[in-house]
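Please open the model in your viewer and keep a selection panel at hand. The tour moves from one selection to the next, with a short account of what is found at each stop.

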Amino acid sequence: MREPWVVGVSGASGTPYAAAVVRALLDAGEPVDLIVSRAARLTVLDETGRPFRDGHWAEDLAAWLGRDLTGADVRHWPAGDLAAGPSSGSYRVRGMAVVPASTAACAGIAIGLSKDLLQRAAEVNLKERRPVVVVPRETPVTRSHLEHLIALHDAGAVVLPASPGFYGAGASASAPQLVDFVAGKVLDALGVPHTLFRRWSGELGAARE
């Protein structure tokens with residue numbers, strides 16, 4: 001039986017993180033169910049210059065990821081479709097990553113608002129006790145945002161801020177390397193093998209030799 005990872009993309013800046021996570025899951029041979037919020041479509045357009053349309057999602061996703069998706073096990077669910085598979089706990093999935101997670105998405109998931117399919121799917125995965133990784137990308141944060149993140153933590157989610165480490169490539173790290181570091185941490189939290197970054201070896205500078 002197909003058991004995909006659900007990847008929810010909300011409207012926060014940081015769509016390269018989402019693209020890196022999807023690419024890495026597909027590279028690992030994992031099926032993916034993708035939910036892109038209405039706000040995220042504007043962010044994708046702004047950060048990549050490319051649209052993301054329900055009626056042309058396959059070609060738009062291929063352009064966004066920069067690869068041919070022929071043979072890839074990926075499915076798209078419109079964010080407004082609250083009757084979609086991921087809206088129900090009986091729809092089998094392995095877990096979910098919300099990347100990037102806007103403050104609005106974090107709040108909606110934390111209080112069970114289910115405003116759209118992204119929020120509903122995250123709530124479903126939390127109630128079913130499946131792995132849920134939430135990647136907030138906002139700074140500075142308000143007290144209410146921190147309270148919502150605590151609520152997500154207490155509900156069982158892994159709160160994984162988009163906070164890249166530099167030890168793999170040093171101060172000369174490129175933007176793709178920093179993006180891959182965060183994406184790799186997401187896959188670590190999901191338990192999916194990857195080679196997105198060099199791991200700490202216990203020796204200063206060893207990863208850059």
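What follows is a tour of helix packing, aromatic rings and backbone geometry. Please keep in mind throughout that this is a predicted model.

**First stop: helices H1 and H7**

Begin by selecting helix H1, residues 15-27, together with helix H7, residues 175-190, which pack at an angle of about 55° with their axes 9 Å apart. At that angle the two helices are oblique to each other, because the oblique class takes in angles that are neither under 35 degrees, nor over 145, nor from 65 to 115. If you turn the view to look through one helix at the other, the crossing in which H1 passes H7 is right-handed. To see which side chains make the contact, select Pro16, Tyr17, Ala20, Val21, Ala24 and Leu25 in H1, and then Leu178, Val179, Asp180, Val182, Ala183, Val186 and Leu187 in H7. Colouring these residues by class gives 12 nonpolar, no polar and one charged.

**Second stop: the rings around H7**

Keep H7 on display and turn to the aromatic side chains, of which the structure holds five pairs. Select tyrosine 167 and phenylalanine 181, whose ring centres lie 5.6 Å apart and whose planes stand at 85°, so that the pair is edge-to-face. Tyrosine 167 belongs to the loop between strand S6 (158-159) and H7, whereas phenylalanine 181 sits in helix H7 itself, so the pair ties together parts that are 14 residues apart in sequence. How accessible are the two partners? Tyrosine 167 is partly exposed, at 33% relative accessibility, while phenylalanine 181 is buried, with a relative accessible area of 7%.

Next add phenylalanine 197, which forms a tilted aromatic pair with phenylalanine 181, at 4.8 Å centre to centre and with 35° between the planes. Phenylalanine 197 lies in the segment after H7, and since its partner phenylalanine 181 is in the helix, this pair ties together parts that are 16 residues apart in sequence. Phenylalanine 197 is also buried, with a relative accessible area of 15%. To complete the view, show Trp200 as well, for ring pairs link Tyr167, Phe181, Phe197 and Trp200 into a cluster.

**Third stop: helices H4 and H6**

Now hide the rings and select helix H4 (103-110) with helix H6 (143-155). These helices pack at an angle of about 50°, with their axes 9 Å apart, and that angle makes H4 oblique to H6. The crossing of H4 past H6 is left-handed. The side to inspect on H4 carries Thr103, Cys106, Ala107, Ile109 and Ala110, which meet His145, His148, Leu149, Ala151 and Leu152 of H6. Sorted by class, this contact has seven nonpolar residues, three polar and no charged.

**Fourth stop: helix H3**

Move to helix H3, residues 57-65, and pick out its buried residues, which are Asp60, Leu61, Ala62, Trp64 and Leu65. What covers these residues? Among the elements to display around them are strand S1 (5-9), H1, strand S2 (32-36), helix H2 (38-48) and strand S3 (74-76). Just after H3, stop at glycine 66, whose phi is positive, near 70°.

**Last stop: backbone geometry**

For the final part, show the backbone and go to valine 99 and proline 100, where the connecting peptide bond is cis, with omega near -10°. Proline 100 lies in strand S4, residues 95-101. Another cis peptide bond runs from threonine 139 to proline 140, with omega near -5°, and proline 140 is placed in the loop between strand S5 (132-136) and helix H6.

Which residues have a positive phi although they are not glycines? Serine 114 is one of them, with a phi of about 50°, and you will find serine 114 in the loop between H4 and helix H5 (117-127). Arginine 129 is another, with a phi of about 60°, located in the loop between H5 and S5. Arginine 129 is exposed, because its relative accessible area of 67% is over 50%.

Note on methods
Residues numbered from 1 in each chain as written. Predicted model: local features only at pLDDT ≥ 70, side-chain atom pairs only at ≥ 80, totals over all residues. Heavy atoms only, no water. Helix = DSSP H or I, 4+ residues; strand = E, 2+ residues; numbered from the N terminus. Buried < 20%, exposed > 50% of the residue type's maximum accessible area, 1.4 Å probe, protein only. Axes fitted to C-alpha atoms, helices over the stretch in contact; angles between N-to-C directions. Left-handed = near helix turned anticlockwise from the far one by under 90°. Contact = heavy atoms within 4.5 Å. Nonpolar A, V, L, I, M, F, W, Y, C, P; charged D, E, K, R; others polar. Phe/Tyr/Trp six-rings, centres within 6.5 Å; stacked < 30°, edge-to-face > 60°.
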